[in-house]
Structures are given as C-alpha cells and as structure tokens.
Amino acid sequence: VMLTVEGGSVLCGKLEQVASLHACGVRAMTLTWNDNNELGGGSDGETPSGITPFGKSVVKEMERLGIAVDVSHASDQLFEDVCGCAQKSFFASHSNARKICGHQRNLTDAQFDEIVRRGGVVGLNLYPAFLTGSQNASFDDIYRHLDHFWSLGGERTVALGSDFDGAQMPSCLKGIEDYICFYEYLLGKNIKERWIDQLFFDNAYRFFTGL
C-alpha cells in the first residue's frame, strides 16, 4: 500500500512541498486534475496549455525523490511537454483508449505508445463516461479498451486503474470485490493467464518497485 495524490495543486506553488509529500509516504502524483493549475494544463482546462516552468521543476524533483509522475488528467500539450522534460518513465494511473471512446481524458495511441516505450504503466479507468461515453458499461466495454492496448504491444504496460475513489462505477464492477468476476471473464475469453496476471499485478508492481 502506498499514498498517491491527485492534482499538483496540493503543492500551493511551493517546490519544497514535494519533499514533504515524499516524507509522508506519497509515491505518485498527477500533475493536474481536470483544470489548469500552477504545474500545467488539465484535460478539461478552459484554455489548452502545457507545462509551466514550475511544473518542470516539480517533475525534476519528483524524479529525484522517487515519486512517479502521473499524466492522467493531463492536457495533450502537457503530456507532450512531460515527454520533453521527464528523464524517467512515467505513467497514467486511470486512463483509457481514445480510439475506443473519444473523450479527451483518454490516451491517444501515440501517447500510449510513448508510455510503452518508456516502460511506464497505464491503468484502465472504469468510469462509464470514459469507457462508452454513456452512464453504464459492461465487461465487454472494459475489454475493448484492454484489447486495444494489448494490440499496441501493451501486455507489459496495461494495469488496473479503477477510479474507485468517488467516480460512478459500471453496474458489473462496483468495487474491488468484483474484480474476481472480471478475472473469470477474461479466462472465459481464453486470454493467456500470464497476460491477465500482468494486468492484475505484475505490471504495476514492476513499475512502482523500480522507482
């Protein structure tokens, strides 16, 4: 178990707060939430923007301390800018495939490819609006995103991301206790058990133990 933070606004524009978070056990942080902040542009920001000079300093300090840079909720420009300044692998804790559901919170194929290339991880998001663009979703809908990421060579990249901390969940998977049903669903589709184990544990474990 480890602590993560959603949104670099918690830093209040102070670089020294990164070390304070690390001392409290924080090992990952999204640079933004939906809106723009002192670090850069969020995926729903009114004015599209990339990383700020302060954001670059934060990324450097996070990498120095061993806090993973999380690009979920990042604008496309912020993602591109992180690629330009990050020296270590980064990840997207809860983001799906934009090719399957065209929401701006989801990753483009090029973005996913970059995370794969850098040895990062992408966690599937269970929020129906990011899976189907509607108010509900099924295991089949989750699988479409998973299968697409696998088709891009992501068998060692894709993981479980959920968004259990407040987002609406699909009726088929309301909490962590239902993940066993998704595991059995994948076995029923004759997916390699090694790939399923990588999805459920190995990929995320490898990434976070390598910080």
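This short presentation covers the fold, one helix, the pocket, the cavity and two backbone features of a single chain.

Good morning, colleagues. Please keep in mind throughout that this is a predicted model.

I begin with the overall architecture. The chain contains eight helices and five strands. Followed along the sequence, these elements come in the order β-α-β-α-β-α-α-β-α-α-β-α-α. Along the principal axes, the C-alpha atoms occupy a box of roughly 50 × 35 × 30 Å. How does the radius of gyration stand against that of a compact globule with 211 residues? The globule would have a value near 17 Å and the chain has 16 Å, so the two agree.

Burial and contacts add to this picture. Of the 211 residues in the chain, 50% are buried. Among contacts with a separation of 6 or more, 64% are between residues 24 or more positions apart. The accessible surface of the chain is about 9900 Å², and carbon and sulfur atoms contribute 51% of that surface.

Let me turn to one helix, α3, which spans residues 76-85. Which of the α3 residues are buried? They are L78, F79, V82, C83 and C85. As a general point, an α-helix has 3.6 residues a turn, so residues three or four places apart point the same way. The buried residues of α3 pack against three elements: α2 (53-65), β3 and α4 (109-117).

Next, the largest pocket. Its volume is about 940 Å³. The lining comprises 28 residues, and those closest to the pocket centre are M2, T4, L160, G161 and F208. Which elements give two or more residues to this lining? They are the strands β1 (3-6), β2 (26-30) and β5 (158-162), together with the helix α8. The greatest contribution comes from α8, with six residues. By class, the pocket lining has 17 nonpolar, seven polar and four charged residues.

The structure also has an enclosed space. A search of the whole structure gives one cavity of 30 Å³ or more. The largest cavity holds about 60 Å³, and 13 residues line it, those closest to its centre being V71, A74, R105, N106 and L107. The lining of this cavity divides into four nonpolar, six polar and three charged residues.

I close with two points on the backbone. In general, most residues other than glycine have a negative phi. Against that background, H73 has a positive phi of about 80°, and N190 has a positive phi near 60°. Neither residue is a glycine.

Where do these two residues lie? H73 is in the loop between β3 (68-70) and α3, the helix whose buried residues I listed a moment ago. N190 is in the loop between α7 (179-188) and α8 (193-209), and α8 is the helix that gives the most to the lining of the largest pocket.

Is each of them buried or exposed? H73 has a relative accessible area of 6%, and because that is under the 20% cut-off, H73 is buried. N190 reaches 71% relative accessibility, which is over the 50% cut-off, so N190 counts as exposed. Positive phi values are therefore found here both in a buried loop residue, H73, and in an exposed loop residue, N190.

Thank you for your attention.

How values were computed: Residues are numbered from 1 along each chain as its sequence is written. This is a predicted model: local features need pLDDT of at least 70, side-chain atom pairs count only at pLDDT 80 or more; totals for chains, interfaces and linings use all residues. Side-chain values use heavy atoms; hydrogens and water are left out. Helices (H or I, at least four residues) and strands (E, at least two) are DSSP runs, numbered from the N terminus. Buried means under 20% relative accessible area, exposed over 50%, partly exposed in between (1.4 Å probe, protein chains only). On a 1 Å grid over the protein atoms alone, a cavity is a set of points where a 1.4 Å probe fits but cannot get out, and a pocket is an open set with protein on both sides within 12 Å along at least five of seven lines; lining residues have an atom within 4 Å of a point. Grid points are joined across faces, edges and corners, and a volume is the space filled by probe spheres set on the points. Ala, Val, Leu, Ile, Met, Phe, Trp, Tyr, Cys and Pro count as nonpolar, Asp, Glu, Lys and Arg as charged, and the others, Gly among them, as polar. The radius of gyration is taken over C-alpha atoms; the globule rule is 2.2 Å times the number of residues to the power 0.38. Contact means heavy atoms within 4.5 Å. Accessible areas come from the Shrake-Rupley method with a 1.4 Å probe; for residues, only the protein chains shown count as cover.
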